[in-house]
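Welcome, and take a moment to look over the model before reading on. The report below walks through a few local features, one after another.

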Amino acid sequence: MNQDLRKERASASFNPELLTHLLDGGAERTRRRREIEALVLNDPEFQHEDLNFLSRSQRYEVAIRKSALMVMRLREYGIADPDEIYWFKRMCLGSFVEPLGLHFSMFTNALQNQCTVTQQDKWLPLTYGLQIIGTYAQTEMGHGTHLRGLETTATYDPATQEFILNSPTVTSIKWWPGGLGKTSNYAIVLAQLYTQGQCKGLHAFIVPIRQMGTHEPLPGITVGDIGPKFGYDEMDNGYLKMDNFRIPRENMLMKYAKVEPDGTYVKPLSDKLTYGTMVFIRSLIVGDSARSLCRACTIAIRYSSVRHQSELTPGEPEPQILDYQTQQYKLFPLLATAYAFHCVGAYMKKTYHRITGDINQGNLSELPELHALSAGLKAFTSWTANAGIEECRMACGGHGYSRCSGLPDIYVTFTPSCTYEGENTVMMLQTARFLVKSYTQVSSGQLVSGMVSYLNDLSGQRIQPQQVAARPTAVLINDPASLVEAYKLRASRLVEAAAKNLQAELNRRKSQEDSWNRTSVDLVRASEAHCHYVVVKLFTAQLSEINDAAVHAVMSNLCLLYALYGISKHTGDFLQAGILTNAQVTQVYQRVKELLAAIRPNAVALVDAFDFHDNHLGSVLGRYDGNIYENMFEWAKKSPLNKTEVHESFHKHLKPMQAKL
Amino acid sequence: MAQWNRSGYFRSSVSRDVNPDLEAERRTASFSVERLTAVLDGGADNTRTRRAMEAVIHRDPVFSREKQYFQSQNERYEAAVRKAVRLKEKMLQRGWTENRPETKYFYRALGGDVAFNVHRVFKNSILALGTDEQIAKWIPLAEKYHIIGTYAQTELGHGTFLRGLETTATFDTSTQEFTLNTPRISAMKWWPGDLGRSATHAVVFAQLYVKGECYGLHPFIVQIRSLRDHLPAPGVTVGDIGPKMNFEHIDNGYLMLQSVTIPRENMLGRFSQVLPDGTYMKRGSDKINYLTMIVTRVEMLWVEVIPALQKACTIAVRYSVVRRQSKLNPGEAEAKILDYQTQQQKLLPLLATAYALHFMNAYVNKFYSKGYTEIREGNFDSLPELHALTSGLKAIITDYCTAGAEVCLRACGGHGYSALSGLPFLYTKVAASCTYEGDNTVLFLQTARYLVKCLAAVHAGQPTPPSVAYLSLTNSRKCWVRTEADLLKPDIYAEAYRRRASRLLSTAAAKLQALIQSGAEEYVAWNRCTVQLVQAAKAHCQYIIVKNFIDTVEKLTNEAEIQKIMKHLCDLFALHGIFSNTGDFLHDGYISGDQMDLVTASYLDLLAVIRSDAVPLVDAFDFTDENLNSALGSYDGHVYQRLYEWAQKSPTNQQVSQAYESYLKPLFQGALSKL
């Protein structure tokens, strides 16, 4: 092992293994996770060339092979628990994705939740057995966020008892669904249902798209890959165009709405239930934000303790770059953020499971808040992680730019989560809508509960900007609980400001929509402040669950850094609302720098605690043993350009030119 | 939807068949796009020349970038070599030399997608560091491409800190040769462009040893590949460093030297030489070395960095008036996404930034040309200021453009993620600029070091150079703004920026001083203040950019309409900067909370004002469709058709994959009987 890393590990003030247990949710879960990861590591069939050296077509092929293999192995081993499947798969995939991803998630889910019993009996066994592979085709080339704007039509023909599917315009072509281009032979297609001459809105249909046996597109179906992307190279995101394509009536998913054989439309009951699925998927994205940032931090921090550059002290050897304050300032707040987001992900998952229990007992009361909150948290965490991963990459200087650092792969795979499952700005505005609604409720004398209950304080005691003395207690910048209060005050101030600005626009007799649009920048700010408060609150709350004193000490520093760094980046909000004085802000800046120095000796141990195996990390710079330079050289030798000692371009272009000049 | 008859890969920019949503935007322009283009080009003559040069490139299919996004690393490299060769032929045919000003337009037209860029650095370094005899020997060979050169400085383990480089060149008096060695793996040259597969020669920087003594870093010309069969020379291990985030058309390489000998004459000797008897001689100042660095930084901003943001804005703004999503008013059609305030907030400040940086760059070029002449004449007085200014501006401009391109990418939603949007390419390319030619944090600290010195000079009552003269002005205590309109006065916001820069620098310098006085060693104190010093350097650069934008707008008196819209952009740039850093301006109470609310209101109002000219403002950058290489950003706005037709050409849709036969078919067998 590299000497620098050895020293870093020896000097940690806590036992990272204990922190790993905490992150996994118990020592037993850590043990089981490692056991499952070992199954992959010891399986020679899962070894393959670095995907970065392959073309897209080759990468796709490797990915398909791996998907098929994973299915077989999971069955062989009898792994069925969702967490365990997840551990297994992420070890296989590293930073990459599998073309069958949507088959296992959205396609199977939709069949389970929206099929009648008869339909389930027909489709689910085929789906589980991968005898059909499906995708979920919702987004169209011209339509994403606004579902009602989708243009694909499904027109019922009572004469033949069939639906006729059509893509009437270029903009209506289904575009983006994963696995659609080359892999799937079935798709669940969302289309506007027309029956008896009337449009009944969006409904889901099971549509075969490729011939069984030959896998050729069926007549009336045009399907293909949408071409190269920023990342997801091994995924065949696809397009789908349908021309008078007929499917039997039974292929409409009819658990809720129905079309009778004669074309009579039967309306569905409440659709609030789909909220549950959305909350679940968003909680996964929050978890993914945390994990992607954890991985990026692991790479950047390990590399920064192996890399030496310049002089701090004249005449002495070049120091580790992690000893530079500017480097610590780039990386440690992100490390703290990674831990904070881990708490948020765990909280959302737990809450989802608790509430799902309630829903099954018919209690839907908590769902609207969780739904609204999950939208904002999805956006807040994915935006932050997105920027943070790039920050980590740039902190690795030139070498971060090489694909061997693994950071480009983490970034390009993660960044679409700012867009998919709800574009982030739209998500923030959804949360804002809930916040404004809660504010209005409080203004009219009703109390609100849950994470927004701080708004209740606004009714009795108005926030008075610029009057710090009027506050019951001043903010204590070394006390996480007091900082939670500070974030709470900031959130109330910004929610109130946005709500008032919205009201002012409305008073100018503008339409509801126009006023909303003219206030949306304020509204997004309010949502962000609310989410930030929630994150600080959850992180702080987690401290009380840590028993080990050494772990508690280091986590307290991280939590404090998270909270204070956030203030230092938004001092304007805290100053303008009179939550902090100018002198306190100066103290906050100073305290942040002290915390950087305090965290420095534990930095490597803190990323070790994430416990990412090298294979999962997929980074030469982030290797556990720190032997980066020799391995960069080994990696580079495999570059496709190095296949021959003299590249063919020399003979084709250079030599003839030199002869002419 | 308008008829769309494709007559080629991209239609020309003068196509009359334009998406009506885009056409509507152009009809209401408040100024003449053509005149603004001329302003940006520095005169209508330049615009004409540029377009003529671009047409030459676009007419030649060798330079087509249609397949670029589909190509593997190998194919990209080969295409770039082919283009470089073709470009050379063209230049010979037409008698264009590299030093003619219009040649720079080629690079704009090619979008940088051409090999042998470092060959130019190779030549420049010989011209700057070589003796007259060396120039006479090597430059003609390089001009004719009889040799291809690279510039090998950075090593695997060493970048920023040049003195730490480990490659050695040891002189042997008996053979009159230098022996070059890579003593350990971290000393391998790593990253130089054109090194991996193309270059036959390299200017290698190595620690010079003569008779057991180290004389520090010196440049040597080393042959690395045979001129006969292109195989590596004896003792040379050379190759490509593998896939990167972008720049796949360039064979960034590694180079290991094991007892490679070169004649004594191959040490570039303008400033130092080793005589046959081993005597080391230094002559003149090698400060001119800095000039090479400054030249490269100034050039990259113009060639690569600022255009990347301008292109990203062009693509995102055009797409945002073609893309419609959700309804602003019930019963109406779905709204153009640029009509959403949140979308305006993402894109329009970037558009203002693109203009601000363009004007800043124009100023730097002027400043630099003046300094360059003086320095070549041996007058180094302006060097420190020029160096500090270009360091800080390189850092802040690459930061702005990288962050901006990424925002544009995400502002285009899912389609921005498609390579065919052109945005991933622009982003990943410009992102490299934050680390090459000096890591940005290091550069900010260089500027900060200069500023701290200047501040000390101010305190000592000494004169200061023009770009930092503001440090000696006295500070007023309160901003006197009362209304939103007050905020649109350039003097007001310029003063706020000036004060902030001045305050952040004073605070950081005072802290540094206090630490030193309390007994900390200077370098320890420096490290402990670096976060603050970086902030001070950034604030300084931002003030310079705002001030320059104001000055530029004032000079546009002959173009009333253009002056008006540029004034709006300048206001937006400045107020957005305050809005995004409220804490800095509120901190010492210079701007009050109530005034800050006015800033926000004023800033948001400006978004709506600029919204109506957004498309003409990006049109004025005058990028051809070939240049943008984007399905979302083309001039005619036929976004969806182009996306669809281009995707169908993807190799994934043309090539047969084994995936189905080998892996999927066995799975599907069971369903045949059941469906």
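Let us begin with helix α5 (residues 103–110) of chain B, which is mostly covered, as seven of its eight residues are buried. Buried means under 20% relative accessible area, exposed means over 50%, and partly exposed lies in between, using a 1.4 Å probe and protein chains only. Helices (H or I, at least four residues) and strands (E, at least two) are DSSP runs, numbered from the N terminus. The buried residues of α5(B) are B:Thr103, B:Tyr105, B:Phe106, B:Tyr107, B:Arg108, B:Ala109 and B:Leu110. Their cover includes α3 (44–59), α4 (73–94), α6 (117–129), α8 (288–322) and α20 (625–628) of chain B.

A word on how to read this: the model is predicted, local features need pLDDT of at least 70, side-chain atom pairs count only at pLDDT 80 or more, and totals for chains, interfaces and linings use all residues. Residues are numbered from 1 along each chain as its sequence is written, chains are lettered from A and ligands numbered from 1 in the order in which they are written, and side-chain values use heavy atoms, with hydrogens and water left out.

**Strand β8 of chain B**

Next comes β8(B), where five of the five residues are buried, so this strand is largely enclosed by the rest of the structure. B:Gly253, B:Leu255 and B:Leu257 point one way, while B:Tyr254 and B:Met256 point the other way. The strand runs antiparallel to β7(B), to which five bridges join it, and B:Gly239 stands opposite B:Tyr254. Two bridges also join β8(B) to strand β4 (residues 189–190) of chain B, again antiparallel; here B:Lys189 has B:Leu255 as its bridge partner. Two strands pair if DSSP finds at least two bridges between them.

The loop between β7 (236–240) and β8 (253–257) of chain B holds B:Asp251. This residue is buried yet has no salt bridge, and the nearest side chain of opposite charge, B:Arg197, is 5.9 Å away. A salt bridge is a side-chain nitrogen of Lys or Arg within 4 Å of a carboxyl oxygen of Asp or Glu; for charge, Lys and Arg count as positive and Asp and Glu as negative, while His and the chain ends are not counted. The side chain of B:Asp251 does reach the backbone nitrogen of B:Ser198, at 2.8 Å. Leaving out residues up to four places away in sequence, B:Asp251 touches several others, among them A:Leu641, B:Tyr77 and B:Asp240. Contact means heavy atoms within 4.5 Å.

**A sheet in chain A**

Over in chain A, three strands form an open sheet in the order β4-β8-β7, with antiparallel pairing. Here β4 (174–175) and β7 (221–225) stand at the edges with a single partner strand each, so one side of each has no neighbour in the sheet. Two bridges join β4(A) to β8 (residues 238–242) of chain A, and A:Trp175 stands opposite A:Tyr239.

**Positive phi values**

Most residues other than glycine have a negative phi. The table lists two residues that are not glycine and have a positive phi.

| Residue | Phi | Loop | Relative accessible area |
|---|---|---|---|
| A:Gln161 | about 55 degrees | between β2 (153–157) and β3 (162–166) of chain A | 33%, partly exposed |
| B:Ser259 | near 50 degrees | between β8 and β9 (260–263) of chain B | 51%, exposed |

Finally, back at the starting point, B:Gly111 takes a positive phi of about 60 degrees just after α5(B).

Key:
A polar contact is a pair of N or O atoms within 3.5 Å; within protein, one must be able to donate a hydrogen and the other to accept it, and residues adjacent in sequence count only if both atoms are side-chain atoms.
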